[in-house]
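Colleague: I would like a close look at one part of this model, namely its pockets and the residues around them. Please take it slowly and connect it to the packing elsewhere.

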Amino acid sequence: MTTRADDERFMARAIEVSLRHQGQTLTNPSVGCVLVKDGKIIAEAVTAIGGRPHAERQALEMAGEAARGATAYVTLEPCSHWGKTPPCANALVEFGVARVVVAVDDPDERVSGRGYAILRDAGIAVETGLLRREGERALAGYLTRQVRKRPHVILKLAVSADGMIGRKGEGQVAITGPQARHAVHELRARCDCILVGIGTAIADDPELTVRVEGLEDRSPVRIVLDRHFELPLTSKLVKTAREVPVIVAVAALPPSALPGISPLEGEMPGRAEGGNAESKRQLLTDAGVQILEAPTLENLLHILAESGMSELLVEGGAFAAKSFLEAGLVDRIMLFESPVVIGQGGIETPLCRADIPGDYALVSETTYGPDRCFDYERPL
């Protein structure tokens with residue numbers, strides 16, 4: 001008989017395994033499965049890149065006959081619907097697993113409760129909710145898309161010691177050090193899309209790609225909030241639009257997104273009007289940029305979810321950050337604090353630790369060289 005401590009240890013391992021393919025399983029969740037027999041792990045697997053095959057089937061096939069009588073620790077309720085492969089719940093029955101322990105129930109109406117029913121009808125012992133909160137964090141993108149019909153939104157801000165996120169008129173300013181920047185690139189690689197405001201896109205001319213050795217092919221879809229088609233044709237984003245997708249999102253923002261904001265951070269002066277806007281729209285389209293129109297930010301997120309995107313990283317500018325915060329669309333806040341001092345001409349951060357709303361909880365604090373990252377989340 002396994003103890004509660006044993007169960008938690010094996011489930012923690014399943015959650016750890018599930019993170020290996022986070023952001024690489026398309027619309028399917030990245031699930032971890034660990035098979036245990038006589039107190040030892042006999043097989044473990046994660047949902048394959050591209051979403052198939054699922055974790056349970058891979059682990060069962062690795063274990064073979066040894067799976068009979070084993071316990072399966074799975075981070076998400078085993079699927080019960082037929083797709084390109086038979087359901088995982090049926091596979092667990094076929095291989096003779098004796099017990100299944102699950103962290104998170106699947107909200108997908110094709111599965112919810114049905115996976116458990118298949119297992120219990122076959123006489124398999126089923127236990128649910130073990131390390132549920134940890135499992136939900138690992139599956140946040142999938143769960144948010146299923147429940148809220150939008151991607152899970154992560155807001156990342158790098159803040160100087162004097163409360164600034166940049167300096168006016170100087171483009172990109174290095175606030176955090178190389179270790180923190182490396183962590184952000186790894187975060188980009190786990191997200192489906194990354195978003196900045198037009199002010200940041202013009203002032204910084206960013207690439208928004210993943211520049212970590214071995215992860216370059218995992219750059220997210222790049223999105224710019226740009227209601228007036230001001231993204232320069234000479235920008236790095238437009239020049240590389242055929243290599244890594246770029247979307248210009250035409251969405252209405254909260255009217256009080258950032259009162260008194262300067263043109264550098266918000267909409268740029270001299271915006272295109274009438275025929276000029278239509279001409280610029282066509283030029284952007286001809287360069288390979290996709291134009292996506294939505295009446296609100298929330299509607300924009302619904303459209304992204306419908307296209308299969310589960311994780312959105314909002315990375316650029318006070319304007320975009322404040323817009324998402326005011327619309328109530330931020331699920332996770334990653335606040336990087338640096339000892340660097342910006343001084344005169346700095347752009348004030350829209351958010352600091354003292355301003356974090358009460359419905360967010362601090363879940364971790366990580367040190368990256370001289371910098372610290374405070375990670376806040378709110379319940380799904």
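Modeller: What follows goes through the two pockets, then one arginine, then the cores and a helix. The model is predicted.

The largest pocket has a volume of about 800 Å³. Its lining consists of 37 residues, and K156, Q172, V173, D204 and E315 lie nearest its centre. By class, the lining holds 14 nonpolar, 10 polar and 13 charged residues. At least two lining residues come from each of strand 6 (152–159), strand 7 (164–167), helix 7, helix 8 (198–204) and strand 12 (311–316).

The second largest pocket has a volume of about 480 Å³. It is lined by 25 residues, with Q22, R137, R190, R332 and D375 nearest its centre. Here the classes are 13 nonpolar, 4 polar and 8 charged. Helix 7 gives the largest share of this lining, 5 residues. Helix 5 (132–138), strand 6, strand 13 (332–337), strand 15 (361–368) and strand 16 (371–377) are also among the elements that each supply at least two residues. Helix 7 and strand 6 thus appear in the lining of the largest pocket and in that of the second largest.

Helix 7 spans residues 178–190 and contains R188. R188 counts as buried because its relative accessibility is 6%, and the cut-off for buried is under 20%. The side chain of R188 makes a polar contact of 2.6 Å with the side chain of E315. E315 is one of the residues nearest the centre of the largest pocket. Leaving aside residues up to four places away in sequence, R188 touches I194, L208, T209, V210, R211, R218, P220, L313 and E315.

Now the nonpolar packing. The largest nonpolar core has 39 residues, and M11, L35, Y73 and V100 touch the most other members. Strand 4 (residues 99–104) gives the most to this core, 5 residues. A second, separate core has 35 residues, including I247, L292, L300 and L312. Beyond four places in sequence, the contacts of V100 are A72, V74, P78, L92, L119, I124, A125, V126 and E127.

Last, helix 2 (residues 55–63) is mostly covered, with 7 of its 9 residues buried. The buried ones are A55, E56, R57, Q58, A59, L60 and A63. They pack against strand 1 (32–37), strand 2 (40–46), strand 3 (71–76) and helix 3 (88–94). After helix 2 comes G64, which has a positive phi near 60°.

Definitions and conventions. Residues are numbered from 1 along each chain as its sequence is written. This is a predicted model: local features need pLDDT of at least 70, side-chain atom pairs count only at pLDDT 80 or more; totals for chains, interfaces and linings use all residues. Side-chain values use heavy atoms; hydrogens and water are left out. A nonpolar core is a set of buried Ala, Val, Leu, Ile, Met, Phe, Trp, Tyr and Cys residues joined through side-chain atoms within 4.5 Å. Buried means under 20% relative accessible area, exposed over 50%, partly exposed in between (1.4 Å probe, protein chains only). Helices (H or I, at least four residues) and strands (E, at least two) are DSSP runs, numbered from the N terminus. Contact means heavy atoms within 4.5 Å. A polar contact is a pair of N or O atoms within 3.5 Å; within protein, one must be able to donate a hydrogen and the other to accept it, and residues adjacent in sequence count only if both atoms are side-chain atoms. On a 1 Å grid over the protein atoms alone, a cavity is a set of points where a 1.4 Å probe fits but cannot get out, and a pocket is an open set with protein on both sides within 12 Å along at least five of seven lines; lining residues have an atom within 4 Å of a point. Grid points are joined across faces, edges and corners, and a volume is the space filled by probe spheres set on the points. Ala, Val, Leu, Ile, Met, Phe, Trp, Tyr, Cys and Pro count as nonpolar, Asp, Glu, Lys and Arg as charged, and the others, Gly among them, as polar.
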